[in-house]
Amino acid sequence: MTTDLDALLIALYVYLDDHVLPSRRRPRRPGRPRLLTDAELVCVAVAQVLLRCDEERRWLRAAPKRIGHLFPHLPCQSEYNRHLRALGPVMSQVALGLARTVPTWHELLRLMDGTPIRCGASRVTVNRSALGEIAAYGRDASHHTFYWGAKL
């Protein structure tokens with residue numbers, strides 16, 4: 001698992017640093033300089049999600065063992081929180097940049113699976129409905145029921 005995660009994080013960092021988040025000269029702020037660049041912090045946050053660590057405190061204790069060889073200078077919890085919260089717009093830019101690399105991004109039709117929408121539960125409703133070509137019978141596994149409807 002670690003070699004696959006290592007390869008993914010390295011590839012993500014290189015892609016982000018080269019294409020999505022080009023290096024920008026920012027004016028130096030007062031205080032200590034940040035330990036991680038924006039691209040490195042995004043990679044650390046992605047590793048946190050992939051390793052299913054919900055609590056930041058627990059993640060920052062486990063991170064040196066899991067990804068410390070890739071990021072030797074990990075920030076403390078307060079700096080990690082501040083830097084990560086400040087990267088909200090950057091995270092949106094990263095998600096959009098990664099989505100645009102998927103070959104189906106430029107397709108006009110996108111197929112997605114979603115929540116079933118019930119159009120009716122009785123035969124009378126089915127016969128009166130104008131959704132005959134769109135809706136069909138299906139099984140909603142999460143609610144253990146059959147329905148006549150469509151998935152968005």
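Modeller: Two residues are in contact when they have heavy atoms within 4.5 Å of each other, and helices are DSSP runs (H or I, at least four residues) numbered from the N terminus. This is a predicted model, where local features need pLDDT of at least 70 and side-chain atom pairs 80 or more, while totals for chains, interfaces and linings use all residues. Residues are numbered from 1 along each chain as its sequence is written, and side-chain values use heavy atoms, without hydrogens and water.

Colleague: Thanks! Which residues in helix 5 does helix 4 meet?

Modeller: Helix 4 covers residues 77-86 and helix 5 residues 88-100. On the helix 4 side, the contact involves L84, R85 and A86. Their partners in helix 5 are G88, P89 and M91.

Colleague: How is helix 4 oriented to helix 5?

Modeller: The two helices pack at an angle of about 60 degrees, with axes 4 Å apart. Axes are lines fitted to C-alpha atoms over the stretch in contact, and angles run from 0 to 180 degrees between N-to-C directions. Under 35 degrees is roughly parallel, over 145 roughly antiparallel, 65 to 115 roughly perpendicular and the rest oblique. Therefore helix 4 lies, relative to helix 5, oblique.

Colleague: Is H83 buried or exposed?

Modeller: H83 sits in helix 4. Buried means under 20% relative accessible area, exposed over 50%, partly exposed in between (1.4 Å probe, protein chains only). With a relative accessible area of 3%, H83 is therefore buried.

Colleague: Which side chain makes a polar contact with the side chain of H83?

Modeller: Leaving aside neighbours within four places in sequence, H83 is in contact with R34, L36, T37, D38 and L41. A polar contact pairs N or O atoms within 3.5 Å, one able to donate a hydrogen and the other to accept it; residues adjacent in sequence count only if both atoms are side-chain atoms. At 3.1 Å, the partner is D38.
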